[in-house]
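Q: Could you take me through this structure by asking how each term is earned and setting each value against its definition?

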Number of protein chains: 2
Amino acid sequence: MSHPLFDAHRATLDAALDALRTRAHWSPYPELPSTKVYGEGADVAGKAAFDAHLGQRFELGQPGHSDWQTGEASPYGVALEVSYPACDPEVLIAAARQAMPAWQKLGADGRAGICLEILQRLNRQSFELAHAVMMTTGQGWMMAFQAGAPHAQDRALEAVAMAWREQSQVPAEAIWEKPQGKNPPLRMKKHFEIVGRGVAVVVGCSTFPTWNTYPGLFAALATGNPVIIKPHGSAVLPVAITVRTIRAVLAEHGLDPNLVSLCVVQRPETTQALVTHPDVASVDFTGGNAFGRWLLEHCRQARVYAELAGVNTIVLDSTDSYRRMLGNLAFTLSLYSGQMCTTTQAILVPAGGIATDEGHKTYDEVCADLAQAVSGFLAKPEVALAVLGAVQSRDTLERIELADSGALGRTVLASTRIAHPDYPQAQVRTPVLVACDAGDEPAYMEERFGPISFIVRVADTAAAIALSERIVSTHGALTCGLYSTSDAVIDAMTDATLRSKVALSINLTGGVFVNQSAAFSDFHGTGGNPAANASYADAAFVASRFVVVQRRYHV
Amino acid sequence: MSHPLFDAHRATLDAALDALRTRAHWSPYPELPSTKVYGEGADVAGKAAFDAHLGQRFELGQPGHSDWQTGEASPYGVALEVSYPACDPEVLIAAARQAMPAWQKLGADGRAGICLEILQRLNRQSFELAHAVMMTTGQGWMMAFQAGAPHAQDRALEAVAMAWREQSQVPAEAIWEKPQGKNPPLRMKKHFEIVGRGVAVVVGCSTFPTWNTYPGLFAALATGNPVIIKPHGSAVLPVAITVRTIRAVLAEHGLDPNLVSLCVVQRPETTQALVTHPDVASVDFTGGNAFGRWLLEHCRQARVYAELAGVNTIVLDSTDSYRRMLGNLAFTLSLYSGQMCTTTQAILVPAGGIATDEGHKTYDEVCADLAQAVSGFLAKPEVALAVLGAVQSRDTLERIELADSGALGRTVLASTRIAHPDYPQAQVRTPVLVACDAGDEPAYMEERFGPISFIVRVADTAAAIALSERIVSTHGALTCGLYSTSDAVIDAMTDATLRSKVALSINLTGGVFVNQSAAFSDFHGTGGNPAANASYADAAFVASRFVVVQRRYHV
């Protein structure tokens, strides 16, 4: 009972499964925004497709449609003025439920085939999606293209492959024959059917509307569930484009497009009613602690996969590559103005300084050198504009101003505003670095989302490792880093991260950064500390999204 | 880095994995209490081992030991008078945490090897365990042997194999090499380590102290977690024997025995403090709704795997084997006096009667014939005593009396007490059958644990299927049955069970019963209806018990 799209995309699925098995580098979606790989004119056509949305009504043909909703504000100050269909959540849920049985009957293979077809189509829209991500989130172009399109598609495919792997372990049928001594054996035929838990809601975030939405969306879909996406009010367009493509592929293959719908809402109460609806069986969420904790507290009817705030740390002990270490850190702190859940917030440095290939560096020298590395890296405006992007929210601007004011510690590097020649309204800000003591916990021991980092003076390396472990265990983290030339220190930090359950990057001095993770190889989050209760994408991320319903009879 | 016990038991593990893949019949643990398979004298030695516990202190060598606790009352009226070490839960938790890192370092292979060794040892103790299960639960001998020993060991091995399968999908290391055009590739080494979520608590039940305890115990253990078992106060001995064997195997292999401990508690508050302890990362529970709901409500720091109450249903539509159908039902309702979470409670029969190979049978005839089938089956005392066992709790006796009184509907078959020649105090009771209408929902639509079943008169088959679906969706069920000669009816019931997410047994007329499930082939529970949020054993049962912690560095 093979599905033509499963056969068509089988090689891609097999390669994804192989990558998950080896965790070697792999991706079917080219990460360079180049017309050499995406085809002559792909860039121009993508930009035109994006432009064509502006000022228009974004038709999706969804049921329960009563009104049009606008309100996206671009961090680049571009007038988007797209209107989205406001649909009654109750109607969307009912329509989703109606679409579910046919999707279920398709089986794991058919669903994987459709999902892979959708991803191929989304990949072809990468330029259009990248413009939509850039203009709604404030990301720079290269990042918007990579994280917004191919890397998000990678994470989606990873979820589809993981979901298929787990489902494929359950045979569709079995003959069960139990010997009965001299009597004839008991003989039964059994059927095992994968059944999705029910309607999935995916709550999008403002900074990574595709990268953080696709894993839950495709994990839920591939395991047999309908999905309703509630995008963040300031980043709807990339999600709307995605939903339209999914609905088109579903309809083209004779499936009910209402399996996937977009739910734009105005009032928080509407979102709360949606996620606590008895028919909603899972909620995927990326965002702040306040709503995340609310979801975990109130969505008792659903499985909640939540990525919340955290305090990512790096321990500096010693290095044989001081310049490159500083350069690596400078890029990490600057990328998208630190508006990433994986950006380092607390850099823990021994009070006695660190040993380097350029001699011993005092704590104050490390502070000054890192400040200089950041400002040097961002000295050229074209580099700064491309890397920093624009600040997405007013809250982040306020946090930058607070850090700049000296209220959180001594300002080692102040944030400056860079004028954007193409987007004069864009708030482009360089990172702020604050020096403080380990005892100043109120300053650095809560997430301060944005380009705000602390260089924390800690008694010694052992104390830094212990502090890092405590930060991660109590406040959560998605990433940890270490610079050390000592095997004993590396071992101690490794043990600390095993206890606090956080991924560790050691001595990054080249083109890999602690805040970046590669699909099929790196797990994004462990699901084992307060920053996230799930991981992109381990088996647990997909296995609880479906159940197995069996029937048996004698033959 | 292979472990000698992994190598020693590799063939068993591989066979278990193969069975999980095919879901064909398989078991390494013989289910017949025969000295031909368990060895000359195994029965006598097992009985002697059991007898040796009576009236004694059950030493375990656990830390935090302050007192001895007794209190088990045998449903057979045997004086057990075993005392168990009462240990401070805080001390047990601290000791468990201390034992965890070495267990983690052993890796998935080593842990599987140790678990398989433990199971082999427990299998050799099957007679001893069977006597302990029989005398604490009231099960008949054959059932106590099978469900208490080899079948429980099967479910344990199933959990170990499933846990190993999921862990083995994560490679220990990887080389990740990303091309950089004309530049040298980015090249990293990555390590992936399986880390258990933390201390697991398994709360045992009174009727199946091993069968319902082993899956959570071994799933948690195999995935790297220490386990504290809180047995039901009336069925401690089988758990204590298990814990002692596990601790012995651990110690023999240089591991800290405090990885697994027994926690007998007197006051409910102590249990509540244990399961809500911040260091407790998972709770496995089998039992009533009251405490189950409490756990789900209060253990917010842990993953809770709960099997609760349900109302199992069978729909009678038609049959080509009336006598054998009645015989099959009679056995199902009688086995262990219905004190199973899988026993049928509501038999839904069309008001117009059913078509059979013996002609049309009216609703009243079905009631009378089923009553006769049960009393006929139990007519011989030696059969009745062997099948029924003894009633485990006073609550169940009260429920039997209530049903007998006619308060819940017309008594079709009254419960009778059978005197046990060997155990005069044993409360041996035959099933009570109550006839009622579909409208009498308060009677049959809540779990009435024990040998109490309702023959519910429903308008027609379609209404019976719809009622069954509603019962399962709202009150939960672990099993559903159907008797029908019509493909259309079978299809309709199949769809209803797919929607309500419950396993379906169709036309059981031979030696397989709706309330029995075979490890490696049948899923026990789906985890998708209110009777249970987990299944023995699907991938979800093991996948959320560990996380993957990675580290990476350039090479």
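Q: What makes B:A112, B:C115, B:L116, B:F218 and B:A222 residues that B:V160 touches?
A: Contact requires that the C-beta atoms of two residues, placed from the backbone, lie within 7 Å; B:V160 touches these five, residues up to four places away in sequence being left out. This is a predicted model, in which local features need pLDDT of at least 70 and side-chain atom pairs count only at pLDDT 80 or more, while totals for chains, interfaces and linings use all residues. Residues are numbered from 1 along each chain as its sequence is written, and chains are lettered from A and ligands numbered from 1 in the order in which they are written.

Q: How confident is the predictor in chain A?
A: On the pLDDT scale of per-residue confidence, from 0 to 100, chain A has a mean of 97, with 100% of its residues at 70 or more. For the complex, the predictor gives an ipTM of 0.97 and a pTM of 0.97.

Q: Which residues make up the side of chain B that touches chain A, by nonpolar, polar and charged class?
A: In all, 55 residues of chain B are in contact with 55 residues of chain A. On the chain B side, 24 are nonpolar (Ala, Val, Leu, Ile, Met, Phe, Trp, Tyr, Cys and Pro), 13 charged (Asp, Glu, Lys and Arg) and 18 polar (the others, Gly among them).

Q: Why are β19 of chain A and β18(B) said to pair?
A: Pairing requires that DSSP find at least two bridges between two strands (DSSP runs of E, at least two residues); β19 of chain A and β18(B) have three, in the parallel sense, and therefore pair. In β18(B), B:L504 is the bridge partner of A:R551.

Key
Helix = DSSP H or I, 4+ residues; strand = E, 2+ residues; numbered from the N terminus.
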